[in-house]
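User: I'm new to reading structures and would like a close look at one part. Please walk me through the nonpolar core, and then a spot that you find helpful for learning about burial.

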Amino acid sequence: MRPSKRDEPVAVQPFTPAERAAVYRAIETRRDVRDQFLADPLPDDLLERLLGAAHSAPSVGFMQPWSFIVIRDPQVLAGAHRAFQRANEEAAALFSGERQERYRTLKLEGILKAPVSLCVTCDLDRAGSVVLGRTHNPRMDVYSTVCAVQNLWLAARAEGVGVGWVSIFHDADVRALLGIPERIEIVAWLCLGFVDALYEEPELAVKGWRQRLPLEDLVFADRWGQRR
Ligand SMILES: Cc1cc2c(cc1C)N(C[C@H](O)[C@H](O)[C@H](O)COP(=O)(O)O)c1[nH]c(=O)[nH]c(=O)c1N2
């Protein structure tokens, strides 16, 4: 049987300098958004493009383990906000002294301000129990789902849409709120909405919580810990 065209790689078209710059600009100016969401609803076609970007992510064995729950119901959003508040209080209590005071000043979610939230889940059984590339590391499906989140986050930046990842929840609260079965892993709660202002640096750095580490401290040569 002759291979069809689809069976052969095609010549790559190099990115123009402007296209390349746009990719790096999206990466470098992407921010986690908590408070800058505008109330304007996200058009359906825009949301579809963002979901399409997420669905273009790499995945182990091409299992595409992700699902996306689009949440606009004010009651569900209010329930998520209450779940956040409960968990955030517990989290605050784990810091002490000045650190705890600073923690309490941080804004760590935008659930009620963002017009839509997305819950990104991972179905560990989507491609059966034996998955190409996952046999020796069962976490690979969750890693794949995180790739989908990052694709969406970068595409959103290019669309003028802010994304805020909220992870200060008890898993069981989100599961009950959204009716997620036990066998499905919850990976991310993302708040989405248009933004017209973003911090130039991570907000946690701007607010003095933690600074960006020097890249040269994180890159080794040939052996872990061995400086270049
Ligand atoms: C897995 C995961 C989980 C969370 C986050 C990120 C990721 C990757 N971040 C956002 C995080 O604080 C932020 O990415 C860093 O501070 C760096 O800032 P920029 O994303 O560059 O703006 C985050 N932020 C927040 O305010 N509340 C949260 O619960 C979380 N949870």
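Analyst: Happy to help; here is the core, followed by a loop residue and its partner.

This is a predicted model, in which local features need pLDDT of at least 70 and side-chain atom pairs count only at pLDDT 80 or more, while totals for chains, interfaces and linings use all residues. Residues are numbered from 1 along each chain as its sequence is written.

Let's start with the core. A nonpolar core is a set of buried Ala, Val, Leu, Ile, Met, Phe, Trp, Tyr and Cys residues joined through C-beta atoms within 7 Å. "Buried" means that 20 or more other C-beta atoms lie within 10 Å of a residue's own; 12 or fewer makes it exposed, and in between it is partly exposed, with C-beta atoms placed from the backbone. In the largest such core here there are 35 residues, and those with the most contacts inside it are Val120, Val149, Leu152, Ala156, Val163, Leu190 and Leu192. Several elements each supply at least two residues, among them helix 3 (74-93), helix 5 (140-158) and strand 2 (116-123). Strand 4 gives the largest share, seven residues. (Helices, H or I of at least four residues, and strands, E of at least two, are DSSP runs numbered from the N terminus.) In soluble globular proteins, nonpolar side chains tend to be buried together.

Now zoom in on Val120. Setting aside residues up to four places away in sequence, Val120 touches Trp66, Phe68, Thr145, Ala148, Val149, Val187, Ala188 and Leu190. Two residues are in contact if their C-beta atoms, placed from the backbone, lie within 7 Å.

For burial, look at Phe37, which sits in the loop between helix 1 (17-29) and helix 2. Phe37 counts as buried because 23 other C-beta atoms lie within 10 Å. Beyond residues up to four places away in sequence, Phe37 touches Gly110, Lys113, Ala114, Gly162, Cys191, Gly193 and Val195. Its C-alpha atom is 9.7 Å from that of Leu112, although the two residues are 75 apart along the chain.

One of those partners, Lys113, lies in the loop between helix 4 (97-105) and strand 2. Lys113 has 19 other C-beta atoms within 10 Å, so this residue is partly exposed. Leaving aside neighbours within four places in sequence, Lys113 is in contact with Asp35 and Phe37. Compare that with Asp141: Lys113 and Asp141 are 28 residues apart in sequence, and their C-alpha atoms are 31 Å apart in space.
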